[in-house]
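Colleague: I would like to learn how to read the packing and the empty space in a model. Could we work through one case?

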Amino acid sequence: MAQTTPNHTQTVSGWAAHDPSGKITPYTFKRRENGINDVTIKILYCGICHTDIHHVKNDWGITMYPVVPGHEITGLITKVGGNVTNFKVGDRVGVGCLAATCLECEFCKESQENYCDQVQFTYNGIFWDGSITYGGYSKMLVADHRYVVHIPENLPMDAAAPLLCAGITVYCPLKDNNLLDLPGKRIGVIGLGGLGHVAVKFGKAFGHHVTVISTSPSKEKEARDRLGADDFIVSTDAAQMKAGKRSLDFILDTVSAYHSLGPYLELLKVNGTLAIVGAPDKPMDLPSFPLIFGKRAVKGSMTGNMKETQEMMDMCGKYNIMCDIETVMPEEINEALDRLAKNDVKYRFVIDIANQKPSSL
């Protein structure tokens, strides 16, 4: 395993964590030259994901320091490789979680490359050449074109950045459960944060009755008036939870903190499904009786494949869906990470990498 190879000759300015304290500091490193299958991207914006916190603090025990986080990247193409035909210099593009897959396994051949056993991520991964991948907290990125998507012209580049992770993460379970083309269902969204607020927007755009389920009564006005939710259930209110029993066809659980699934399963109709996209660091409680007596299913979902990611981005362009963001400068990254850990953001931080005036504020 090597930080770089002899092909890494491009000097790049970025921001990295060097130890489990998680403190981000300026960091100069090398990126590879643009290969025949690559595009070089001038990074304009990079979203801050909760996963970034886990990596910079080595919460999962897998961090390879120094780590340059960031997998919600938008920017402009400055160079294209000889084999690249679907991108050109000047294109508005995005890069999400994926940097490389094997391209040969059953999942890769079936456009499910995000489930490839050899998947490598945009940061803290091992690229095909053996180098460690560095993410979007940096001025420039070289990416294989097969893991890059176009950004619709009508979407602001800053507010589009978190769609590369938060957006696709909530889009896929909605698609997998036939909620894109069959309107009129009653769906619930647990948690009104970076993922949850986008899920509400998708649910309404696809024609569903959307209920937000939250521990915070103070979020009801925001959920209804700003995001268009139809109903709101305070999950700590026993009367509200009882009143909502067997009322929902589908629930999307976006919460990344420990919680029991039992009370939420009771909100599902018979044959209902609860899809988990949040990633608590401790196992969740899953009682058997709500499953058995409701013929309910619990399933997981991760970020989507590249075909789905482009499809999702095009859908956002069609419905003018973007993330609600707070833009920060690179020198404010540590403060933003601290605030994100406390859920003190509506709803996603985006780093203004190129120091240009935010387009969506």
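Colleague: Which elements do the buried residues of helix 4 pack against?

Modeller: The buried residues of helix 4 pack against strand 10 (186-190), helix 5, strand 13 (248-253), strand 14 (268-276), helix 10 and strand 17 (348-352). Helices (H or I, at least four residues) and strands (E, at least two) are DSSP runs, numbered from the N terminus. Contact means heavy atoms within 4.5 Å. This is a predicted model, in which local features need pLDDT of at least 70 and side-chain atom pairs count only at pLDDT 80 or more, while totals for chains, interfaces and linings use all residues. Residues are numbered from 1 along each chain as its sequence is written, and side-chain values use heavy atoms, with hydrogens and water left out.

Colleague: How many residues of helix 4 are buried?

Modeller: Buried means under 20% relative accessible area, exposed over 50%, and partly exposed in between (1.4 Å probe, protein chains only). In helix 4, 9 of the 11 residues are buried, so it is largely enclosed by the rest of the structure. They are A166, G167, I168, T169, V170, Y171, C172, P173 and L174.

Colleague: Which residues have the most contacts inside the largest nonpolar core?

Modeller: A nonpolar core is a set of buried Ala, Val, Leu, Ile, Met, Phe, Trp, Tyr and Cys residues joined through side-chain atoms within 4.5 Å. The largest has 55 residues, and L155, L163, Y171, L174, V200, F202 and M312 have the most contacts inside it. Helix 4 gives the most to this core, with 6 residues. Leaving aside neighbours within four places in sequence, Y171 is in contact with L180, F202, F206, E308, E311, M312 and M315. Apart from this core lies another, of 41 residues, including I77, V148, I333 and I351.

Colleague: What does I41 touch beyond its neighbours in sequence?

Modeller: I41 is found in strand 3 (residues 38-48), and at 1% relative accessibility I41 counts as buried. Not counting residues up to four places away in sequence, I41 touches G75, L76, I77, T78, V93, V95, K139, M140, L141 and V148. I41 and V148 are 107 residues apart in sequence and 10.0 Å apart in space, C-alpha to C-alpha.

Colleague: How do I check the length of helix 10?

Modeller: The expected span of a helix is 1.5 Å times one less than its number of residues. For the 14 residues of helix 10 (residues 306-319) that gives 20 Å, and the end C-alpha atoms are 20 Å apart, which agrees. Its buried residues include M306, E308, M312 and M315. Among the elements that cover the buried residues of helix 10 are strand 6 (98-100), helix 3 (157-160) and helix 4.

Colleague: And the empty space: which residues line the largest pocket nearest its centre?

Modeller: Rolling a probe the size of a water molecule over the atoms shows where empty space is left. On a 1 Å grid over the protein atoms alone, a cavity is a set of points where a 1.4 Å probe fits but cannot get out, and a pocket is an open set with protein on both sides within 12 Å along at least five of seven lines; lining residues have an atom within 4 Å of a point. Grid points are joined across faces, edges and corners, and a volume is the space filled by probe spheres set on the points.

Modeller: The largest pocket holds about 1,300 Å³ of space. Of its 50 lining residues, H50, L195, T254, S256 and G278 lie nearest the centre. Helix 1 supplies the largest share of this lining, 4 residues.

Colleague: How many cavities of 30 Å³ or more are there?

Modeller: The structure holds 2. The largest cavity has a volume of about 210 Å³, and R31, R32, T133, L141 and V142 are the closest to its centre among 19 lining residues. Strand 8 gives the most to that lining, with 4 residues. The second largest cavity has about 50 Å³ of space; G96, I168, M306 and T309 are among the residues that line it.

Colleague: Which backbone angles deserve a look?

Modeller: Most residues other than glycine have a negative phi, and most peptide bonds are trans. N178, in the loop between helix 4 and strand 10, has a positive phi of about 60° and is exposed, with a relative accessible area of 52%. The peptide bond from Y65 to P66 is cis, with omega near -5°. Another cis peptide bond joins K346 and Y347, with omega about -10°.
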